[in-house]
Amino acid sequence: MNTALPAPRRLVAYGCLALSMSLVGSYVALSKPLVAAFPVLLLAWLRFGIAALAMPHWLRRPDGEPPMTGHTRGLVFLESFLGNFMFSICMLFGVSLTSAVSAGVIMASIPAVVAIGSWLFLRERITVRVGLAIACAASGIGLLALAPAQAATHGAGTSPGHLSWLGNLLVFAAVVCEASYAVIGKSLTGRLGPKRISSLINLWGFVLSTPFGIWFALRFDFGAVPIGLWALLLVYALAASIWTVWLWMTGLKGVPASQAGVFTVMLPVSAALVGVVVLGERLSSPQVLAFALALLGVVLATWPARRA
């Protein structure tokens with residue numbers, strides 16, 4: 001348990017982390033109708049642009065915050081490129097080719113991927129328990145890949161079953177990007193405030209996606225998009241670029257990164273629940289087993305170690 005913070009502030013940090021991951025999982029699932037209406041790269045550009053209009057005042061450096069060094073600028077760029085831009089592209093393309101439930105199962109491997117990244121880049125030792133967690137996550141993903149494709153989604157956004165493997169692969173690439181986002185974000189919270197981090201990485205995302213967005217926008221019929229989808233796009237942009245990032249950085253500022261990993265369980269759970277309850281998807285038996293294995297991996301990876 002993190003003893004650096006008083007109990008009330010620690011509970012607030014935990015609440016911010018849990019709510020952030022719940023929102024991420026929800027908009028991952030709800031993005032399926034959007035990717036059926038908009039080209040993926042245009043959708044990403046619109047998301048970053050809407051969010052940029054909503055928080056220009058967050059870009060200003062607050063009093064008492066030191067100027068950014070070259071190292072901090074590099075971390076901000078990587079945080080945006082991997083955790084914002086590439087995550088959005090991989091996730092949006094991925095959910096357009098697979099189901100929200102399948103995406104939820106794959107995203108349950110985030111804590112295990114974080115553990116592998118810590119071993120590779122930080123030279124941290126992987127314990128037997130974390131190794132078992134990685135095995136559970138890999139087994140869940142493997143079982144999902146071998147399971148027959150389910151025509152579970154009703155309405156817009158249903159994708160051909162023969163491409164579900166590609167969608168699952170892209171969602172796993174988004175998992176790697178999200179793990180990088182968690183590791184780099186912890187370093188940034190010691191240098192910048194949560195609001196400024198949110199605005200800076202969103203601005204980089206807008207810059208990176210602008211050439212693709214303009215190209216698609218010149219060829220897209222915006223008048224054919226129903227008003228309901230525009231409202232969903234507004235909520236998606238605010239949730240993906242503002243609310244979730246600010247909540248995550250606020251919680252991460254007072255909680256160790258390893259302890260914050262426990263709250264990523266809310267991401268796959270909320271994605272799967274939205275897929276079933278809102279999008280009308282069905283849980284097949286292999287998906288239920290794969291989901292159980294993935295969640296077992298989450299529990300093993302994040303269960304607090306017994307104190308000496």
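This report describes the fold, the internal cavity, the cysteines and selected surface features of a predicted model.

## Overall fold

The chain contains 12 helices and zero strands, and a reading along the sequence accordingly gives the pattern α-α-α-α-α-α-α-α-α-α-α-α. Of its 308 residues, 50% count as buried.

## The internal cavity

When the whole structure is searched, one cavity of 30 Å³ or more is found, and the space within the largest cavity comes to about 90 Å³. Its lining is made up of 14 residues, and those lying nearest the centre are Tyr 27, Glu 178, Tyr 181, Thr 244 and Val 245.

Four helices each give two or more residues to this lining, namely α1 (7–37), α3 (70–97), α7 (164–188) and α9 (227–252).

## Cysteines

The structure holds zero disulfides. Cys 90 is therefore unpaired in the model: the nearest cysteine sulfur, which belongs to Cys 177, is 4.9 Å away, whereas a disulfide is counted for a pair of sulfur atoms within 2.5 Å.

As for the surroundings of the cysteine side chains, Cys 90 counts as buried because its relative accessibility is 9%, a value that falls under the 20% limit used for buried residues. Cys 136, with a relative accessibility of 13%, counts as buried on the basis of that limit too.

## A nonpolar patch on the surface

A nonpolar patch on the surface is formed by Val 276, Val 277, Val 278, Leu 283 and Val 288, which together have about 420 Å² of accessible area. One of these residues, Val 276, lies in helix α11, which spans residues 266–277.

Val 276 has a relative accessibility of 30% and so counts as partly exposed, since that class covers values between the 20% limit for buried residues and the 50% limit for exposed ones.

## The loop before α3

Arg 61 is placed in the loop between α2 (40–54) and α3, the latter being one of the helices that contribute to the cavity lining. With a relative accessibility of 41%, Arg 61 counts as partly exposed, because this value also lies between the limits of 20% and 50%.

Arg 61 and Gly 193 are 132 residues apart along the chain, yet their C-alpha atoms are separated by 9.0 Å.

Key:
Residues are numbered from 1 along each chain as its sequence is written. This is a predicted model: local features need pLDDT of at least 70, side-chain atom pairs count only at pLDDT 80 or more; totals for chains, interfaces and linings use all residues. Side-chain values use heavy atoms; hydrogens and water are left out. Patches are made of residues with over 30% relative accessible area and no salt bridge: like charges are joined within 9 Å, nonpolar side chains (Val, Leu, Ile, Met, Phe, Trp, Tyr) within 5 Å. Accessible areas come from the Shrake-Rupley method with a 1.4 Å probe; for residues, only the protein chains shown count as cover. A salt bridge is a side-chain nitrogen of Lys or Arg within 4 Å of a carboxyl oxygen of Asp or Glu. Buried means under 20% relative accessible area, exposed over 50%, partly exposed in between (1.4 Å probe, protein chains only). On a 1 Å grid over the protein atoms alone, a cavity is a set of points where a 1.4 Å probe fits but cannot get out, and a pocket is an open set with protein on both sides within 12 Å along at least five of seven lines; lining residues have an atom within 4 Å of a point. Grid points are joined across faces, edges and corners, and a volume is the space filled by probe spheres set on the points.
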